[in-house]
Amino acid sequence: MSELGELPGELVQRLGDVHSVGVITGAGVSVESGIRTYRGQGGLYDDPEEGERMVEALSSPTLLRDPDRTWRAVSSLARQVGTARPNVTHHELVRIEQKVDRFVLLTQNVDRLHHDAGSRNIIDIHGDIFATRCMSCGLVGRLEAEELQSLGRAPRCTECEGTLRPDAVLFGELLPHDKLARINEEFYELIPDLVIVAGTSALFPYITEPVLVARYSDKLTIEINPEPTMLSDRVDFTLRGPASRYLPLIAAALS
Ligand code: OAD
């Protein structure tokens, strides 16, 4: 162990050579802001019935058939986000972005806490729950947190009175093209020296592949998660614990 406490000495040494960083986050990084994860103990899908209802409500068939139901589910997610503020992990990622030559943050989170903390180069692959798009005229907009949290039915477009949809990826929908293109540019065309994956159960290929590509290209890869995932045995270093414990150490070790 090095003087940086809990980081292995070899990792500290390798962090000294890093100039570009890609970070991939999931619901686990928002736990310390008081937001529930999806899976695992206490997660949104922990109760199978509640989970199934939520997934069905947040799906594209339901949006088309019963947009009020989809919006009520989005509204309940917004109530979970409530008045949550960024935590140590979000702030340390801003610090890392300021330290290195190139930084990209790919997040699955829809809570906007990375934006609130001040991260700049963000690919929010699942969108965010406060953004809206008119299903008739395509106008994009935003809802205030209070409005979204108390929504009982689908909001209407101020221009054409059409039904608005959340500008987030629902179950059964394709990922946005422009954001996939950015993943390609930032993680495959120019592979970062270091790829960190933190707080995600790493179930989707667009989350695991950037990590595996970096690993096979002899870049440095780190997973931070209290629980094992399919990536745990495939990264250079697995840091078993909360992201807030390790990210300050990683940020400090970067030159
Ligand atoms: P999950 O709920 O699947 O996984 C959260 C992960 O965070 C788990 O692996 C936990 O062990 C880990 N974790 C918990 N506390 C942590 C902490 N303090 N520090 C670090 N890790 C911690 O959440 P995601 O992987 O983000 O999609 O889920 C992926 C997607 O599935 C979500 O974006 C959502 C969901 O269906 C959509 O809504 C489209």
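**View 1. The residue shell around the ligand in this predicted model.** By class, 10 nonpolar, nine polar and three charged residues make up the shell around the ligand. In total, 22 residues surround the ligand, and the closest are Tyr38, Arg39, Thr200, Ser201 and Asn225. If you are looking for a place to start, try finding these five side by side with the ligand in the structure above.

**View 2. Backbone atoms that face the ligand.** Three residues are worth picking out here, each through its backbone. At Ala243, a polar backbone atom lies 2.9 Å from a nitrogen atom of the ligand. Gly199 places a backbone N or O atom 3.2 Å from an oxygen atom of the ligand, and for Gln108 the distance from a polar backbone atom to a ligand oxygen is 3.3 Å. The ligand on its own would expose 810 Å², of which the protein buries 90%.

**View 3. The pocket that holds the ligand.** Where does the ligand sit? You will find the ligand in the largest pocket. Both domains help to surround the ligand: domain 1 (1-34 + 86-126 + 174-255) and domain 2 (36-83 + 129-168) each supply at least three residues of the shell.

**View 4. The two domains and their contact.** The chain divides into domain 1, made of 1-34 + 86-126 + 174-255, and domain 2, made of 36-83 + 129-168. Between the C-alpha centres of domain 1 and domain 2 there are 27 Å. Where the domains meet, 11 residues of domain 1 and 10 residues of domain 2 take part in the contact.

How values were computed. Residues are numbered from 1 along each chain as its sequence is written. This is a predicted model: local features need pLDDT of at least 70, side-chain atom pairs count only at pLDDT 80 or more; totals for chains, interfaces and linings use all residues. Side-chain values use heavy atoms; hydrogens and water are left out. A residue is near a molecule or strand if one of its heavy atoms lies within 4 Å of it. A polar contact is a pair of N or O atoms within 3.5 Å; within protein, one must be able to donate a hydrogen and the other to accept it, and residues adjacent in sequence count only if both atoms are side-chain atoms. Accessible areas come from the Shrake-Rupley method with a 1.4 Å probe; for residues, only the protein chains shown count as cover. On a 1 Å grid over the protein atoms alone, a cavity is a set of points where a 1.4 Å probe fits but cannot get out, and a pocket is an open set with protein on both sides within 12 Å along at least five of seven lines; lining residues have an atom within 4 Å of a point. A molecule sits in a cavity or pocket if more than half of its atoms lie within 2 Å of its grid points. Ala, Val, Leu, Ile, Met, Phe, Trp, Tyr, Cys and Pro count as nonpolar, Asp, Glu, Lys and Arg as charged, and the others, Gly among them, as polar. Domain bounds come from an automatic or database domain assignment. Contact means heavy atoms within 4.5 Å.
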